[in-house]
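Please open the structure in a viewer and keep the selection tool at hand. The tour moves from one selection to the next and says what is found at each stop.

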Amino acid sequence: MSYVDEVLDRVKAKNASEPEFLQAVEEVLDSLRPVIDANEETYRREAILERLTEPDRQFKFRVPWVDDKGQVQVNTGYRIQFNNSIGPYKGGLRLHPSVNTGIIKFLGFEQIFKNSLTGLPIGGGKGGADFDPKGKSDREVMAFCQSFMTELCKYIGADVDVPAGDIGTGAREIGYMFGQYKKIKSVYEGVLTGKGLTYGGSLARTEATGYGLLYITQELMKCHGESMEGKTVVISGAGNVAIYATQKAQQMGAKVVTCSDSTGWIYDPEGIDVELLKEVKEVKRARLTEYAAARKSAEYHEGRGVWSVKCDIALPCATQNELLIDDAKALVANGCKAVCEGANMPTTIDATKYFQENGVWFIGGKAANAGGVATSALEMTQNSERLSWTFEEVDSKLQQIMVNIYHNIDDAAKRYGQEGNYVMGANIAGFEKVANAMIAQGVV
Ligand code: NDP
C-alpha cells in the first residue's frame, strides 16, 4: 500500500466523526501523490504526513455570558494550532451555530497550505465558537466576545498565534476581543488582525479576500487569453468576501448578477448594486428580501439557486459544501469557463472533479481566497513596524501576491505533468515549503 493510502486509512480510523476534516485531508493527500511518491522514503521516515494531519494542539472551552434578559448562556469555544513550521499560527475565528471540532479542524488544516502559498511567514491555525451573532444586541455580542477572549488569551500572542475574522466575526467582534485581550494582558500588540483602522488595523484588509479572489481570477483569465471585461459572473454569499468580490469584479468590467444568504438568493440581471447590498448586509444586518424590495430589477428566490444562472465565471463565496455535483453539471451545461473559490471548501470533491474533467479552469480556496490572510500578515508587519501603509501600498502588494500565487500553483502543476490542475498545484506548492521546514527543524 502506498504511503498516502496508509496515512489516509489511519486518519479515517482516528477521526471518523469529523467528515469535513476527512474531506479536506483526502483532497490534499490525494493531490500530493506525485510529490510523495517521488520522495516516499524520506517522507515516510520523517512521518511527514502523520505529523501534518495531527494538530500541534487543540483547545476547547466553555464560554459563559449573560444575555439581555439576565439569563446565563453557554457556548463552546475552540482554537486549533495546527502547524507553526513557517511562522506563528494564523487563521480566523468563526462564529456560527454549525461550528464544531471537525469544522475547526478542517479549516485549520487547510490554513497550513494556504498560508504557505502566500509566501509570507505564517503557520496554520483556526478557531471559533458555536455562537450566533445574528439577532444579538451589541451588548450581548460584547459579553460573548469578552468571555471568549478571557479564555483564548491564554493561548495566543503576537509571536505565537494571531487570530482574525471569519464567518460571523467582523470588525465589531474583533474590536471587543482586542479590548479584552489588552485589558487582561496589559499589553498592546498585534495579537489579532482585522482590527479597526484607528487601533492597528490595515487599510484594504476588509476588501482583501474579495479583491484577491478577483486578482487571481483575472490572472487566470489573462493567461488563457481572456479578460474580465464584459463577463457575466455569479457569486454566492452576501458577506465580507462576496461583497468585495462583487465590487472588484464590477471595477474590472464584469457584470455580477447574483448573491445569496442562508435563506435565499437574488438574481439581478442589471448587475448587483454593491452599495445597496452593503447597506442591507453591513449596516442593517438584514435579509436579502430588503435588497429585492429596494431594487426593481432584482428577483428574490427562497432556498438555493445561484448556480442555475448562466454565466462565464462562478465564484462561490458563502460556506463549505455549497456547490454540489448537480450545481457543477448545471454550470458546465450553461458554458461556465472558470470557477474560483472565495469561500473555504465550497465545492464538494465530486463537483471539483466534474469541473476538471469538463475543462473548467478551477482554482480552489486555498489559493483563491489567500488574499485575506496575506493581508492579515501585512497587518502584522505594519504592527511590528508601528507604521501604517496607504491603501494603494497594501492593495498593490496584495495584487502582486495573488499574481505570484497563480504562477506558483501553475508551475507546480506543470512540474508534475498536471498542467491546468490548480488544485494539485496549490497543494504541492503549499506542502513543499512546510515539509522542508519541518524536516529542517527536526522531530518536534
Ligand atoms: P460572512 O459571515 O461575512 O458571510 C458569509 C455569507 O455566507 C453570508 O451571506 C451568509 O448568509 C452565507 N452563509 C453562511 N453559512 C451559510 C450556509 N450554511 N448556507 C448558505 N449561506 C451561508 O463570512 P465571510 O464572507 O467572511 O466568509 C465567507 C467564506 O469565505 C467562508 O467560507 C470563510 O471561511 C471564507 N473566507 C473568509 C475570509 C475573510 O477574510 N473573511 C478569508 C478566507 C476565506 P447569512 O448572513 O444568512 O448567514
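The stops below cover the ligand site and then the aromatic residues.

The model is predicted: local features need pLDDT of at least 70, side-chain atom pairs count only at pLDDT 80 or more, and totals for chains, interfaces and linings use all residues. Residues are numbered from 1 along each chain as its sequence is written, and side-chain values use heavy atoms, with hydrogens and water left out.

**The ligand**

Select the ligand and the residues near it (a heavy atom within 4 Å). This shell holds 25 residues, of which the closest are Asp-166, Thr-209, Ser-262, Arg-287 and Asn-344. By class, six are nonpolar, 12 polar and seven charged; here Ala, Val, Leu, Ile, Met, Phe, Trp, Tyr, Cys and Pro count as nonpolar, Asp, Glu, Lys and Arg as charged, and the others, Gly among them, as polar.

Next, display the polar contacts (pairs of N or O atoms within 3.5 Å). An N or O atom in the side chain of Ser-262 is 2.4 Å from a ligand oxygen atom. For a polar side-chain atom of Thr-209 the distance to an oxygen atom of the ligand is 2.6 Å, and for an N or O atom in the side chain of Asn-344 it is 2.8 Å. Of the 880 Å² that the ligand exposes when taken alone, the protein buries 82% (Shrake-Rupley method, 1.4 Å probe). The elements giving two or more residues to the shell are α9 (205-223) and α10 (240-251); helices are DSSP runs of H or I with at least four residues, and strands are runs of E with at least two.

**The aromatic cluster**

Now select Phe-61, Trp-65, Phe-131, Phe-144 and Phe-148, which form one aromatic cluster. The structure holds 16 aromatic pairs (ring centres within 6.5 Å; planes under 30 degrees apart are stacked, over 60 edge-to-face, the rest tilted). The rings of Phe-61 and Phe-148 are 5.5 Å apart at their centres with planes at 40°, so this pair is tilted. Phe-61 belongs to strand β1 (residues 57-66) and Phe-148 to helix α7 (residues 138-152), so the pair ties together parts 87 residues apart in sequence. Phe-61 is buried at 7% relative accessible area, and Phe-148 is buried at 0% (buried means under 20%).

Move to Phe-131 and Phe-144, a stacked pair with 3.9 Å between centres and 5° between planes. Both residues are buried.

**Charges over rings**

Finally, add Lys-136, whose charged end sits over the ring of Phe-131, 5.1 Å from its centre (NZ of Lys or CZ of Arg within 6 Å of the ring centre and within 35 degrees of the ring normal). Lys-105 lies over the face of Phe-21, 4.6 Å from the ring centre.

Conventions: A polar contact is a pair of N or O atoms within 3.5 Å; within protein, one must be able to donate a hydrogen and the other to accept it, and residues adjacent in sequence count only if both atoms are side-chain atoms. Rings of Phe, Tyr and Trp (its six-membered ring) pair if their centres lie within 6.5 Å; planes under 30 degrees apart count as stacked, over 60 as edge-to-face and the rest as tilted. Buried means under 20% relative accessible area, exposed over 50%, partly exposed in between (1.4 Å probe, protein chains only).
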